[in-house]
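Please look over the sequence and the structure shown here before reading on. The paragraphs that follow take up a few features in turn and point to where each can be found.

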Amino acid sequence: MKLPGEENQKPMGISLIYMIIGVSAFILVMLLAVMKNNKKDNSGSEYMQNALQQQQQQDVVTPEDPEDQPKAKLRAEDLDFWDMYPVDEDEKDAQNQVSGTQGKTTETAKENVSAQNKEKEIMEEDPSTDGKHTLIRLADGTEEWVLISPYLKKNTYDFSNMTESSNLRKYTENGKKISSVGADISKHNGSVNFKSMKSAGVDYVMLRLGARGYSTGQITLDDKFVENIEAAIEAELNIGVYFFSQAVNQEEAVEEANFVIQNLEPYKAHIGYPIAFDMENISNDNARIDGLSREDKTTIAASFMSGVQAAGYIPMIYGNKEWLIKNVDLTKLQDYDVWLSEDQDIPDYPYLYTMWQYTATGVLNGVKGDVGLNLCFVNYSDR
């Protein structure tokens, strides 16, 4: 028997059943996915919470614990993270080269400073630049720097004021001529025309009166002395004389001075220029004076000059730079004038001198061959 309406219901289809099963499976998968995500979120939250809690604990400090004090802020130079990266070998070599170059530069700079200081010390000690020494060229060809004595008068000649014409020199001061030209004459010059000499510009002559033999010790009068002095007087030239000495003691020096005085007696009124003491080394031969000391030579020179001075004449010592500085003690001869022999354009003799033989090989009218020419810086005829 059917209930009312049964005949109107139809049984459920198979397709509907599959659809219901698929929907249910999809919902189940979605639920599982949501549950898994929720688990991950809870784990991350826990991690963040733990990290935050640790940071808060670090921020809480107590005064009693110095290690918990706030740390200084980092600076750029504190970020030494470059060592994290390996340095290329070529770059290392370049850095080492730079470092080595800087070190070498520093050492070189130090060496240069040291060299400059050493050079300065040498310059200060160098006698050629210290202004306290003068160079002497010795007879044997060697040279020697000698300390300039502070006790001797220095010459103040300015040789920019010197001029030369026809082998004769002239020296001026403030535009005024103060010098006179002289020639030294002996028998070795032969016959001399003194008038021609004067016409050439010569003002005075220094005549050799005599000499002592350097080996025999004998005193002789110059063979031409009488002829020369009389001709010089006739030419109205100013006259001085010199004696070549080889005295070995004071007695011989006095003997030489007396010989000069006696032979000048007839001409005394005409002698206005000095009487010079001339002692020299003999080259290429032995001489009587070779064994004399500097003190001996000084004493002999002083004895001769004091003798002629006592007779009313002006004494003078003749010599080259070596003789005057090395062979006699000029500090003991300061009362006497100096006749310097230095054959060069400008003499470098540091001390005062009143007469200068600037050449021994001059050319002059009235004289055959070489002749000694001189420049005198004082007018002895006015004394």
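How many salt bridges does the structure hold? The structure, which is a predicted model, holds 12 salt bridges, and a few of them serve here as a way into the chain as a whole. That protein chain has seven helices and 14 strands, and buried residues make up 34% of its 383 residues. Among contacts between residues at least 6 apart in sequence, 62% join residues at least 24 apart. The accessible surface of the chain comes to about 24,800 Å², and 51% of that surface belongs to carbon and sulfur atoms.

One of the salt bridges is formed by Arg169 and Asp345, whose closest N and O atoms are 3.9 Å apart. Because Arg169 lies in strand β4 (residues 168-173) and Asp345 in the loop between β12 (337-341) and β13 (355-362), this pair ties together parts that are 176 residues apart in sequence. The two partners also differ in their surroundings, for Arg169 counts as buried at 9% relative accessibility, whereas Asp345 counts as exposed at 58%. Glu164 belongs to the picture as well, since Glu164, Arg169 and Asp345 are linked in a network of salt bridges.

The strand that carries Arg169, β4, is part of an open sheet of three strands, which has the order β3-β4-β5 and antiparallel pairing. In this sheet β3 (162-165) and β5 (176-177) stand at the edges, each with a single partner strand, so one side of each is left without a neighbour in the sheet. Two bridges join β4 to β5, the two strands running antiparallel, and in β5 the residue Lys177 is the bridge partner of Thr172.

A further salt bridge brings together the side chains of Arg212 and Glu255, at 3.1 Å from N to O. This pair, too, links distant parts of the chain, with Arg212 in strand β7 (residues 204-212) and Glu255 in helix α5 (residues 250-264), 43 residues apart. Arg212 counts as buried at 4% relative accessibility, while Glu255 is partly exposed, with a relative accessible area of 42%.

The loop that holds Asp345 also supplies a partner for another pair, in which Lys321 forms a salt bridge with Asp348, the closest N and O atoms being 3.0 Å apart. Lys321 lies in helix α7 (residues 321-327) and Asp348 in the loop between β12 and β13, so the pair ties together parts that are 27 residues apart in sequence. Here Lys321 is buried, with a relative accessible area of 8%, and Asp348 is partly exposed, with a relative accessible area of 33%.

Helix α7 also holds Glu322, which offers a contrast. Although Glu322 is buried, this residue has no salt bridge, and the nearest side chain of opposite charge, that of Lys326, is 7.5 Å away; a salt bridge would need a nitrogen of Lys or Arg within 4 Å of a carboxyl oxygen. Leaving out residues up to four places away in sequence, Glu322 touches Ile136, Arg137, Leu138, Ala139 and Asn327.

From charged side chains the path leads on to nonpolar ones. In soluble globular proteins, nonpolar side chains tend to be buried together. In this model the largest nonpolar core has 74 residues, and those with the most contacts inside it are Phe194, Met197, Leu264 and Phe304. Helix α5 gives the most to this core, with six residues. Apart from its neighbours within four places in sequence, Phe304 is in contact with Phe243, Ala253, Glu256, Ala257, Val260, Ile275, Ala276 and Phe277. There is also a second, separate core of 11 residues, which includes Tyr204, Ala276, Trp339 and Met355.

A last stop is Val367, found in the loop between β13 and β14 (371-376). Is Val367 buried or exposed? At 10% relative accessibility, Val367 counts as buried. Not counting residues up to four places away in sequence, Val367 touches Ile185, Asn189, Val192 and Met197, and Met197 is among the residues with the most contacts inside the largest nonpolar core. Val367 and Asn193 are 174 residues apart in sequence, yet their C-alpha atoms are 6.6 Å apart in space.

How values were computed:
Residues numbered from 1 in each chain as written. Predicted model: local features only at pLDDT ≥ 70, side-chain atom pairs only at ≥ 80, totals over all residues. Heavy atoms only, no water. Helix = DSSP H or I, 4+ residues; strand = E, 2+ residues; numbered from the N terminus. Buried < 20%, exposed > 50% of the residue type's maximum accessible area, 1.4 Å probe, protein only. Lys, Arg positive; Asp, Glu negative; His and termini not counted. Contact = heavy atoms within 4.5 Å. Pairing = 2+ DSSP bridges. Core = buried A, V, L, I, M, F, W, Y, C linked by side-chain atoms within 4.5 Å. Areas by Shrake-Rupley, 256 points an atom, 1.4 Å probe, with all protein chains shown as cover.
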